[in-house]
Amino acid sequence: MLQIRDIIWRLLFIGCAAAIQVEITPTQGEISVGESKFFLCEVVGDAKDIDWYAPSGEKILPNRPDIFVSRSDETTSTLTIYHANVDSAGIYKCVAKNGDKEAQATVQVKIFQKITFESAPSPQEFSEGDDAEIVCDVISSPPPTLIWKHKGSKIQFAKDVRFKILDNGHLQIRSIKKTDEGMYNCEARVMARGEIDFRMIKVVVNVLPTIRARQSEVNATADVGSSALLACDADGFPEPTVTWAHNNVVLETGDKYSLNEDGSELVIKDVAKVDEGEYTCIAKNKAGEKAEEVSLNVFVQPKITYLNNQTAAEFDEQVTLTCEASGDPTPTISWSFENRVFAEGQQSLDRNIVVRSHARVSSLTLKNVQFTYAGQYLCTAGNSIGQDDQHMYLEVRYSPKIQGPVATYTWEGNAANISCEVEAHPGASVLWFRDGLQLPSANMTNTKIYNTPTASHLEVTPDSQYEFGSYNCTATNAMGTESKEFLLIQADVPSSPEIQGVEPFSSTAVVVFGEPDSMGGVPIIRYRVEWRLPGQQWTGREYDADDATSRITIAGLKPETTYEVKMSAINGKGESESCPASTFKTEPVQGEPSAPKLEVKVQKGGNSLKVNWIKQDDGGSPIMYYLVRYKARHASHWKPEIRIPNASEYVVLSGLDWNTEYEVHVVAVNQQGKSEPGTVSFRTATEPTTVPDAVDGGSGLGTGAIVGILIVVFFLLLVGVDVTCYFLNKCGLLMCIAVNFCGKAGPGAKSKDIEEGKAAFTKDESKEPIVEVRTEEEPVPNQEGGGPTEPNETTPLTEPDGKTVKDDSTKGETEVKNATAEVKTVPSEAPQANGNESKA
């Protein structure tokens, strides 16, 4: 039984093994035109061959471009349809074979067309009033149904007969309006598949331009470099472009014409007569164009068309200058020379100058030509439109004319220039002679000649009486020769000045004088003023002279004291005799000093000022110090007051605000009180906008390096000053260290008791300079170490024994700094009188 059963199972197995089964996945296919799709054929059983057959029954061969067959392994084969079209539809068959065994399966492929918009451009433009046809071409299978919408709503064709769907599906709008503009929706539907698609189409309605000229006629003047403006205003949609044409030529921006951004304004540059005529303004857009005419009328200003330079010789009978001019209306022509004007038909009183005119030509005739006629002549042509001016030059050839001062003063050893000024045309050559000999000569080696285009200068340095006398200058050109004698005269010392009066004060006096009757031939350069107590030695000082010098102030006088004063004048030759002495008596002590006179000098940089003051009367008591304060004019508070030693004559204010007006007050203080303030106002410079860079290619220092160098230099200066003060004046930081740490006696040990009459030091909390005050018992040596100095306004009188009375409040250079100003003080040229003078 078992053997029979096994035989039956083996037979069944062999029979099954021999059968072949074929299955295609997917079992059916639906493809949209243009899409691709593949089908898999699977075989159960042994199959030697697996083949695909097209709907036409033909075996599909490998390597077809549209349908591709590939066998992946022994049991599968793939059919791929690329970019399907309508011809690709039908039943495809997969056949498997193994010997005489065969099996097959089929699949039906359907091809359909999806909704496709072939043409639906956006935007679509039309002109207002046209019958518009909005294009929307769409295909599908089956054919689609089209629905049109405008502004989100379906178009109701029954309500507006202007709208119609054409047979091709396009939307027609008859006599389209600007209000029809907007977005249109072209919607396609295929009911069988429930497929829907749409396109939004923008419809633009263009409007034909309108145009209007601002002025139908424009007037302009030619040949004066002026411009003419022609303008028109255009409207439309889209915004029209505006162009201009003249004589059928379109005008463009260039050397002659200029158009604004939208073209509505045409500027004709340098208007000329040829520019006259009709200009067309053309407005154009997609809907069409419109034009408007504008007339340009051009008037002609006068223009001088002929005027040439002329040449004549002196003493010619006459020369005629001609001027021609054009213009409409016909211009009148006039002539002018220097400040004289000659119009048509006029002539000069001597009848040497005559003007004649005919039509557009005018002539100026000059008779009996003189060299003074040479120069620039102006021809003026004018009419109601304007005028034209042109110059011409009349060249007159003439022989030399020698000018210049005849007398020149000098003295032995002093060089002097004798100037021979020559007018000549053409230019002349100049020679100098002395006693018939041309200079320079072997007999006169101390002469030099310097020539300029208009003069010849003979420099003579006389060393004896022989060099004084007559010198001849001879000028020669092609027209002739002229000579002239010049005198070199020996200068003399001036005569004495005249003292006209003395205005005394308590410690000063103003000497009023008149200049000498004779200058000696050369200018006064200085005045010497000398004064004394009757019977004592004279004290003197020299003062520089200028044209305004007529008052000189002498200072350092004693109150209620009689003095004699005399003066002499000094020129290059020497000093005059002194005038007779005048006697005056100073006033009693008035108490407070007079206000100092102030002068301002701008320092380098522009925001630093140097304020100088000139000491006036000290009121009979020596000036102890000056008080300086300043502020910006608009500020309500003054800067901290600055105290300056009496020996100083100026203060430097730095770090000021740029371009700001300041006010400065300076008060002089003596033992009796304070003077009225001397005042001055000034404005600082405008702040520079740029700082020069280092030279290209150089190694300029940066700002930080410069600041560092300045700090180091400043520190070294402080150390040097401190060391100097230690060894010379026994003061400073080193002295302080020596006193406090080394037990060295300080210089102030002698001055602790002011009652003993030595020295006192005052110091407040305002960082003012320390002022040293010496009592009258303390003798003070001459700091200069020499004889008496030359007196000036600040120089004290000498006592009868010849000793100079000095005020030891004179200090060396002192520098006072605060947050806003730098104060620098220097000693005056001579020591001041000390306090014991006030006892007089």
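A search through the whole of this predicted model turns up five disulfides. Counting the bonded cysteines along the chain, they follow the pattern 1-2, 3-4, 5-6, 7-8, 9-10. Three of these pairs are worth a walk-through.

Start with Cys 41 and Cys 94, whose sulfur atoms sit 1.9 Å apart in a disulfide. This pair links distant parts of the chain: Cys 41 belongs to strand β3 (residues 37-44) and Cys 94 to strand β7 (residues 90-98), with the two positions 53 residues apart in the numbering. The torsion about their S-S bond is about -85°, so this disulfide is left-handed. As for surroundings, both Cys 41 and Cys 94 are buried.

Next come Cys 323 and Cys 379, a disulfide with its sulfur atoms 2.0 Å apart. Here the S-S torsion is about -85°, which makes the bond left-handed. Cys 323 sits in strand β29 (residues 318-326) and Cys 379 in strand β34 (residues 375-382), so the pair ties together parts that are 56 residues apart in sequence. Cys 323 and Cys 379 are buried too.

Then there is the disulfide between Cys 420 and Cys 473, where the sulfur atoms are 2.1 Å apart. Its torsion comes out at about -80°, so it is left-handed. Again distant parts of the chain get linked, with Cys 420 in strand β37 (residues 416-425) and Cys 473 in strand β42 (residues 469-477), 53 residues apart. Cys 420 has a relative accessible area of 0%, so it counts as buried, and Cys 473, also at 0%, is buried as well. Further along, Cys 579 has a relative accessibility of 6%; because buried means under 20%, Cys 579 counts as buried.

Now for the sheets. Strands of a sheet pair through backbone hydrogen bonds, either parallel or antiparallel. One open sheet has three strands in the order β11-β16-β15, paired antiparallel. Its edges are β11 (132-134) and β15 (163-165), each pairing on one side only, and the twist averages 25° from one strand to the next. Three bridges hold β11 to strand β16 (residues 171-173) in the antiparallel sense, and Glu 133 faces Gln 172 in β16.

Another open sheet of three strands runs in the order β44-β45-β48, with antiparallel pairing. The strands that pair on one side only are the edges, β44 (498-504) and β48 (551-554). From one strand to the next, the twist averages 25°. Strand β45 (residues 509-514) and β48 run antiparallel and are joined by four bridges; Val 511 has Ile 552 in β48 as its bridge partner.

Conventions
Residues are numbered from 1 along each chain as its sequence is written. This is a predicted model: local features need pLDDT of at least 70, side-chain atom pairs count only at pLDDT 80 or more; totals for chains, interfaces and linings use all residues. Side-chain values use heavy atoms; hydrogens and water are left out. Two strands pair if DSSP finds at least two bridges between them. Axes are lines fitted to C-alpha atoms, for helices over the stretch in contact, and angles run from 0 to 180 degrees between N-to-C directions. A disulfide is a pair of cysteine sulfur atoms within 2.5 Å. Buried means under 20% relative accessible area, exposed over 50%, partly exposed in between (1.4 Å probe, protein chains only).
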